[in-house]
Structures are given as C-alpha cells and as structure tokens.
Amino acid sequence: MKHRIVVLGAGYAGAYVAGNLARRLSRADTEITVVNAVPYFVQRMRMHQLVAGQDVKAPQLADVFANTGIRLCLDRVTALDPERQVATVANGGELGYDTLVYALGSQGADHGVPGVAEHAFDVAARPSALRLRERLDTLDRRREGGNVVVVGDGWTGIETATEIAESRPGLSVTLVARGELGARLAAGARRHLRRACDRLGVTVVEHTSVEAVEATRVLCSDGTALASDATAWTAGFAVSPIAAAAGLEVTRNGQVVVDRTMRSVSHPNVYAIGDSVCAVGDNGRPLPMSCASAGYTGNQAIQAIVARLTGREVTRTKLVYTYNHISLGRRDGILQTFDDRGQPKPKYEGGWKPARVKEGIIKTALWSTSHPTFGLPRRRRHLATVPGLSAENAVV
Amino acid sequence: MRIKADTGLCVGSGQCVLTVPAVFDQGDDGIVVLLTDRPDDETAARARHAVTLCPSRALSILRE
C-alpha cells in the first residue's frame, strides 16, 4: 500500500506544496490527492483587479496537475476526522490519509456586522468578486455614476478602492478606515497613499467603524450614513472552521497550532500551511495571512514531510515577514519593509517601480504554482519507512 | 556587483533560473544554487531583474 498524502485546498499554499511533494517523492510509494472546492486556481492577489473589470486568468487545476501523478478531487471538504484519518467531502465520499496537508485558507468574514452577508460583497473569492464586478458594470452602464464604498483599509481594501477608482472613473469610491488611513504603514508611505487616493479621487473616511450595511447605505458608528450602490467588505477574514470542528488544536481565531515544522501539535500526521496555520515566525510573532506566508510555511512543510518520510534530518527554513507590496491601481504602488518587531521601517518606495515589481511577483506566484513539474529535482526519493505507516511512527 | 542567495529563505519557485540560467541553478531540493556570485557585464542587468522577481526575497545584491 502506498503512503497516502491528502492536500486539502489548492490555493497558493496547497497547490505549491502538492506540486513540490509530487516532484520530490517517488510515485512508486506515495500517492498524492488534492481536494479543492472549485475546478480552477484562484489568483487571490488579483481579485481586486477582477472587480475593477480586468481579465484575471483562472487556470484549470486539471491542467495544472496534468502529468504530475497528482489525483485531483473537485469537491468541498465538509469534515475531518483526525482519529480515523479521514476527510469527508460534500458528495459524501471519504478520503483516507497517512499524511494530511491542511491548506483550506481564509474567506471573507462579517465579524457579526449586520447586513454584510446580504448586502456587501467580499473580494476574497472569485464568485463574490465577479458578483461585485457585475454590479459595478451595471452602475457603469447606466452612466449616472454611482457610489462604491470599500470598508476596511487593510491591504485588500486599499488595493480594491484604488483599483476600482482607476479603472472605473465614472464611479465615486469611498474608503472607510477604522483608524488613520494606512495605519500599518510608516509616515512617508502613508503620505504617498493619501496622495494616490487624492489623485484617483478616492474619498477617505477615517477613524470610523461600520455598524451595519444596508442595501443602499453603510451606517457608521458616529451616526453618519454613507450612500452606497455597491459595498465591498474587506474588513474581515476568517479561516475555515473545519480544523476546529475536527478537534485539531487551534488558536482563538481557528488557525491550526503547529510546531516549527508546520506539524500540528495535537495530531502529528497533520501539517497546516498558508492562511489556516498559526505559524510563529523567526521574530516570535505569528506570520500574517498572505501569499508570502503561504510560500514560507509551505516550504517548511515540504522540507519536513519529505525529510520525515525519506528518513533524513528535517531542515529549518526561514519564517519571516519582511515586506509588503501594495498596488495603487496599475501604475502606482508602495513597497513597505518591516523590522523584526513587525513594525514598518521609515524608508519606503512608492511609484511605478514597486507597482511593476508587484506585478512581477504575482506573475511569478501564478507561474510557479501552475507549473509544478518544472525544474529540479531530477531524482525523486523513495520512502524510508514502510508505505502506509503514519508519519508519527516514521523514522524522524 | 555581487549577488547573495539566502537558501533558508528560498522557496524554490525557480524564477531566477528561468531568468538567468548562467547565474542561478537549483539544487536537488529546488533551492537556489549560485553558479557565480559575480555575474559578468553581459548578465548583470538580467541578474538584477532576477533579484527583484524573487518572491521570497532570498536574493540580494551586496554593496562593495
């Protein structure tokens, strides 16, 4: 019997790890299955561009994993039983595993604000981003303008507001910030952001939290109401509840608690990566949810899984959070670097150069996840342990 | 110009190898291997480009 590796989720984290495991482990004694709810790869970092009306590719996962030996199961994961080592999918089927890679990521969350689910759109998934895009198309077509309110000034909110303003100049865009605009940026970068919002005609509403979203307005805690024909909700992301429901040890926000090798502290044959893991970085602080963290946590998990299964020593890879590239439309952007305490460094770069670098990075991220068979190694390793043996009993 | 590669940070996306195969290679585990840390005049510009493309920021240019 082959050692069964099941990867739940094929986002930046899951697709990357599945492809690399397939590249590095012998097909003769491992069998890799990837489970994903939708048949295409979601370029999460480009969802705001999709909303703005741009063409954003969504490669078919069947093509991505063609000729890799990876088995693709297109279904939604509904439950996980780590004692029986089985994942259940929506059609009732069960997938048994010897090693599980949990990469179910994050989704938009309303954090209990009334009306968000009914009236607002999130940009965390392709279907909701496309619904928002259709709404904006309708507003654009009627040629009377329209009000778009973007709630939340995290990176997603900033990128969404500026992208819509640049691509759809006929619409009025308002960005609602809980504190000062771009509070996580250093002073210089904050000024750059403000200038960009001015240039693009984005109205900034600061020090304001939103209490409720209605069909045509957004109600703020200070009693004001913002007229809104389309509300984009970027003020909250939450991880999949499946890990917590399965009894894996999780943090208060539901992220899986792991050791330095991304291995669940409660269930050693489960690894968690990407947004769904609480990975403590080398600076002692949890890594933020991001594509970059998907790369670092994914890489560590690959090293650990391959090493443990092939009887070699686990190498520690770096887990860092050093920078963010934030796009401000297609021609402007901000590169903000962070110090060891996660604080923004005073120096930043703004303008077309970081915008171009960000574009390059997103292309790179898509290319490397959608070409999992590219490159080395030329040799795939055999397992050191008896196939089918669970990782917790494997030679470490 | 001198290039530094941090193998602990590298996630093996292979972009540098695609961009300048004369300067970058990948080891058995996909992690970057520098074929030379001093690219010649002909490849220097492309090597700089590869440094900016690296998604994990594993590559840097050392000031001399």
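Chain A is divided into two domains, with domain 1 assembled from residues 3-105, 240-321 and 362-389 and domain 2 formed by residues 116-233. The model is predicted, and the C-alpha centres of domain 1 of chain A and domain 2 of chain A lie 32 Å apart in it. To the contact between them, domain 1 of chain A gives 15 residues and domain 2 of chain A gives 18 residues.

**A buried position in chain A**

- A:L309 belongs to helix α9 of chain A, which covers residues 291-310.
- Because its relative accessibility is 2%, and buried means under 20%, A:L309 counts as buried.
- Although A:L309 and A:L383 are 74 residues apart along the chain, their C-alpha atoms are separated by 5.4 Å.

**Fold and dimensions of chain B**

- Chain B contains two helices and four strands, and read from the N terminus these elements follow the order β-α-β-β-α-β.
- With a radius of gyration of 10 Å, close to the 11 Å that the globule rule gives for 64 residues, chain B is as compact as a globular protein of that length.
- Measured out along its principal axes, the C-alpha trace of chain B spans about 30 × 20 × 15 Å.
- Of the contacts in chain B that link residues at least 6 apart in sequence, 55% are between residues at least 24 apart.

**Burial, surface and charge in chain B**

- Buried residues account for 52% of the 64 residues in chain B.
- The area that chain B exposes is about 3200 Å², and 48% of that area is supplied by carbon and sulfur atoms.
- Chain B carries 7 positive and 9 negative charges, and the mean positions of these two sets are 10 Å apart.

**Helix α2 of chain B and its surroundings**

- Helix α2 of chain B runs through residues 41-53, and its buried residues are B:T43, B:A44, B:A47, B:A50, B:V51 and B:L53.
- An α-helix has 3.6 residues a turn, so residues three or four places apart point the same way.
- Within chain B, the elements that cover the buried residues of α2(B) include the strands β1 (2-5), β2 (24-26) and β4 (59-62), together with helix α1 (15-19).
- Chain A also takes part in this covering, since the elements over the buried residues of α2(B) include α10 (352-370) of chain A.

Conventions
Residues are numbered from 1 along each chain as its sequence is written. Chains are lettered from A and ligands numbered from 1 in the order in which they are written. This is a predicted model: local features need pLDDT of at least 70, side-chain atom pairs count only at pLDDT 80 or more; totals for chains, interfaces and linings use all residues. Side-chain values use heavy atoms; hydrogens and water are left out. The radius of gyration is taken over C-alpha atoms; the globule rule is 2.2 Å times the number of residues to the power 0.38. Buried means under 20% relative accessible area, exposed over 50%, partly exposed in between (1.4 Å probe, protein chains only). Contact means heavy atoms within 4.5 Å. Accessible areas come from the Shrake-Rupley method with a 1.4 Å probe; for residues, only the protein chains shown count as cover. Lys and Arg count as positive and Asp and Glu as negative; His and the chain ends are not counted. The place of a charge is taken as NZ of Lys, CZ of Arg, CG of Asp or CD of Glu. Domain bounds come from an automatic or database domain assignment.
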